[in-house]
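Me: Could you take a close look at one part of this protein for me, namely the place where its domains meet? I would like one connected account, with the ligand surroundings added at the end.

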Amino acid sequence: MTSTSNRQIILASRPSGWVSPDNFKLIESPIPTPGPDQVLIKNLWLSLDPYMRSRISDAKSYAQGVNPGQLMVGGTVGEVILSNSSQFKVGDIVLAANGWQLYTATNPSAITKIDTSKISSTAYLGVLGMPGITAWRGLMEICEPKPGETVVVDAASGAVGSVVGQLAKALGCRVVGIAGGSAKCAYVVNELGFDACVDHRSPTFVQDLNAELPRGIDCLFENVGGPIFEQLLTLMNPFSRIALCGMVSEFNKPPHAHKTLRSILVNRIKLQGFIVSDRMDHWADIRTKLSELVLSGKLKFRESIVHGLENAPAALVGLLKGENFGKQLVKLTDD
Ligand SMILES: NC(=O)c1ccc[n+]([C@@H]2O[C@H](COP(=O)([O-])OP(=O)(O)OC[C@H]3O[C@@H](n4cnc5c(N)ncnc54)[C@H](OP(=O)(O)O)[C@@H]3O)[C@@H](O)[C@H]2O)c1
């Protein structure tokens, strides 16, 4: 053990409008003692994800929110450093949802041992974790693209979007990404193999989008919402499909007044919202398939790392402004 106290970040106040680091507070507490059959975990990595902005709002949602004074929630990778359980031994690396803190005492049922012999532990928070599984479910189970169809995904360089595009390319689709800035667009095309990428920050965004989509959109994997979704709806083909995964651009603002919903009617679009945790029974199978693709070099990923628990609030704000480039992680240890 390298520290004598636990450090935690709690929600200090609910944001109204844009979230700020001032909405969070760093506190110290004793390192917890594991009870019978429990383990003590030293958390090594924390995942930052857009859903965290929803959790700290008081809007009705699919999951229990975080109240002021409570620990921030979040996916973690950690190491077992004390074990009273026959199922885990000291040194095991585990996936958990231990939140924004350095140490956690928990039950074996709340953690999953991961194999880090061939793939890095951080991949289990991204490409092999909740974001990668989200990509698989939305694309394969809702969009169901066929070879030759046009698939569009926004937030294309991010944790979910990057997997969506690569899976769709492997299925033989034409894949167009949307991302913020020329560096992200270059990465999406040159490194991930998308056919094209349109920069939504460019003043010619609408013209560029129309130019890249002369045959419209058959499958839209929607991550962003707001004006980008508005524009994409005008390009949907008859009998096209939309997997409505996220609306990250609308989290810190009043809801966007969508004016192009009529496209859903006139084009007989199938639109389905989904939450990845609805079908936890699918996760192990999907993770195995994604692992095979990563190991064979067919699925690439990129990470954006900040150092230190104390920097998690600013990094979450950055993620919601598009400052991350790839899966956003916080490294919790110095070693
Ligand atoms: N339904 C589910 O179960 C589920 C599960 C996981 C994630 N999600 C959703 O999937 C989406 C992507 O998540 P992720 O983890 O992959 O995040 P991410 O793409 O790694 O990071 C968020 C990205 O969103 C984009 N963005 C933020 N604000 C924007 C704005 N105003 N306009 C346009 N783009 C904006 C930025 O990319 P650019 O700079 O490229 O714009 C930013 O980098 C989110 O909406 C998230 O809530 C849903």
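Reply: What follows describes the interface between the domains and then the residues around the ligand. The model is predicted, and the protein in it is divided into domain 1, made of residues 5–125 together with 302–331, and domain 2, which covers residues 130–277. The C-alpha centres of domain 1 and domain 2 are 28 Å apart, and where these domains meet, 18 residues of domain 1 are in contact with 12 residues of domain 2.

The size of an interface is often expressed as the accessible area that is lost when the parts come together. Between domain 1 and domain 2 the buried area is about 1300 Å², with carbon and sulfur atoms giving 62% of it. As for polar interactions, the rule finds zero salt bridges across the interface of domain 1 and domain 2, whereas five residue pairs are found in polar contact there, both residues of each pair being at pLDDT 80 or more. On the side of domain 1 that touches domain 2, helix H1 (residues 51–55) gives the most, with three residues. By class, that side of domain 1 has eight nonpolar, five polar and five charged residues.

Turning to the ligand, 27 residues lie around it, and those that come nearest are Lys184, His200, Asn223, Val276 and Asn324. Backbone atoms also approach the ligand: a backbone N or O atom of Gly180 lies 2.8 Å from a ligand oxygen atom, a polar backbone atom of Phe274 is 2.7 Å from a nitrogen atom of the ligand, and a polar backbone atom of Leu320 is 3.3 Å from a ligand nitrogen atom.

Technical notes:
Residues numbered from 1 in each chain as written. Predicted model: local features only at pLDDT ≥ 70, side-chain atom pairs only at ≥ 80, totals over all residues. Heavy atoms only, no water. Domains from an automatic or database assignment. Contact = heavy atoms within 4.5 Å. Buried area = accessible area lost by both parts, 1.4 Å probe. Salt bridge = Lys/Arg side-chain N within 4 Å of Asp/Glu carboxyl O. Polar contact = N/O pair within 3.5 Å; in protein donor to acceptor, adjacent residues only side chain to side chain. Helix = DSSP H or I, 4+ residues; strand = E, 2+ residues; numbered from the N terminus. Nonpolar A, V, L, I, M, F, W, Y, C, P; charged D, E, K, R; others polar. Near = heavy atom within 4 Å.
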